[in-house]
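Colleague: I would like a close look at one part of this model. Please take me through the salt bridges, then show me what surrounds them.

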Amino acid sequence: MAKEKKKSGAPLGNKNAVGNDGGRPPIYDSPEEFQKKIEQYFNSLKGEFHYEEINNIKQKIWDVDPEYPTITGLTYFLGFESRSTLYEYAKKLEFSHITKKAMLRVEKSYEMQLYNPKPTGAIFALKNMDWQD
């Protein structure tokens with residue numbers, strides 16, 4: 001006796017399946033909105049500071065430390081639940097260029113860290129971005 005293959009998803013006629021083409025609706029409908037949110041992410045990494053005079057010397061005091069951009073940070077900031085969603089946007093024609101350019105900005109940040117005395121973390125990250133020795 002052959003086993004019947006179980007179908008996935010909601011059964012036909014299920015009210016939860018009506019009008020669902022499969023998957024969650026996209027978070028971003030327009031490339032412009034997507035680009036604006038990406039720019040907000042990179043701007044948020046600059047940190048915030050003010051100046052104080054200490055012993056008659058004007059010094060920069062960081063209120064929020066600057067951060068390095070990361071793929072995970074970008075993904076989270078965009079409201080995605082996983083990196084794979086970011087990679088899916090890179091496959092969509094209208095979002096492809098924007099997504100790939102943002103990911104390249106993150107990659108550039110890792111590349112710049114190679115000039116640090118201990119670039120081990122950057123090397124690891126770049127190898128995961130298909131860089132090779």
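Modeller: Start with R105 and E39. Their side chains meet in a salt bridge, at 2.9 Å from N to O. R105 belongs to helix α4 and E39 to helix α1, so this pair ties together parts that are 66 residues apart in sequence. Keep in mind that this is a predicted model. Now check how open the two partners are. R105 is partly exposed, with a relative accessible area of 34%. E39 is also partly exposed, at 28%. Why can such a pair form? Side chains of opposite charge can pair when their charged atoms come close.

The structure holds three salt bridges. Another one joins K91 and E88, at 3.3 Å from N to O. Here the partners sit three residues apart in helix α3, so about one helical turn separates K91 from E88. K91 counts as exposed, because its relative accessibility is 64% and the exposed class begins over 50%. E88 has 42% and counts as partly exposed.

K127 and D133 form a salt bridge too, with their closest N and O atoms 3.1 Å apart. K127 is partly exposed, at 41% relative accessible area. D133 is exposed, at 85%.

Go back to K91 for a moment. It also takes part in the contact between two helices. On the α3 side are L86, Y87, Y89, A90 and K91; on the α4 side they meet L93, F95, S96, T99, K100 and M103. By type, the residues of this contact divide into seven nonpolar, two polar and two charged. How do the two helices cross? α3 and α4 pack at an angle of about 125 degrees, and their axes lie 5 Å apart. That angle makes α3 oblique to α4.

Now turn to the nonpolar core. The largest one has 20 residues. Inside it, F34, I38 and L78 have the most contacts. Five helices each supply at least two of its residues: α1 (31–44), α2 (71–77), α3 (83–91), α4 (93–112) and α5 (120–128). The largest share, six residues, comes from α4. Take I38 as a sample. Leaving out residues up to four places away in sequence, I38 touches L74, L78, I98 and A102.

Put the picture together around α4. This helix holds R105, the salt-bridge partner that ties it to α1. It packs against α3 at about 125 degrees. It also gives the largest share of the core.

Technical notes: Residues are numbered from 1 along each chain as its sequence is written. This is a predicted model: local features need pLDDT of at least 70, side-chain atom pairs count only at pLDDT 80 or more; totals for chains, interfaces and linings use all residues. Side-chain values use heavy atoms; hydrogens and water are left out. A nonpolar core is a set of buried Ala, Val, Leu, Ile, Met, Phe, Trp, Tyr and Cys residues joined through side-chain atoms within 4.5 Å. Buried means under 20% relative accessible area, exposed over 50%, partly exposed in between (1.4 Å probe, protein chains only). Helices (H or I, at least four residues) and strands (E, at least two) are DSSP runs, numbered from the N terminus. Contact means heavy atoms within 4.5 Å. Axes are lines fitted to C-alpha atoms, for helices over the stretch in contact, and angles run from 0 to 180 degrees between N-to-C directions. Angles under 35 degrees count as roughly parallel, over 145 as roughly antiparallel, 65 to 115 as roughly perpendicular and the rest as oblique. Ala, Val, Leu, Ile, Met, Phe, Trp, Tyr, Cys and Pro count as nonpolar, Asp, Glu, Lys and Arg as charged, and the others, Gly among them, as polar. A salt bridge is a side-chain nitrogen of Lys or Arg within 4 Å of a carboxyl oxygen of Asp or Glu.
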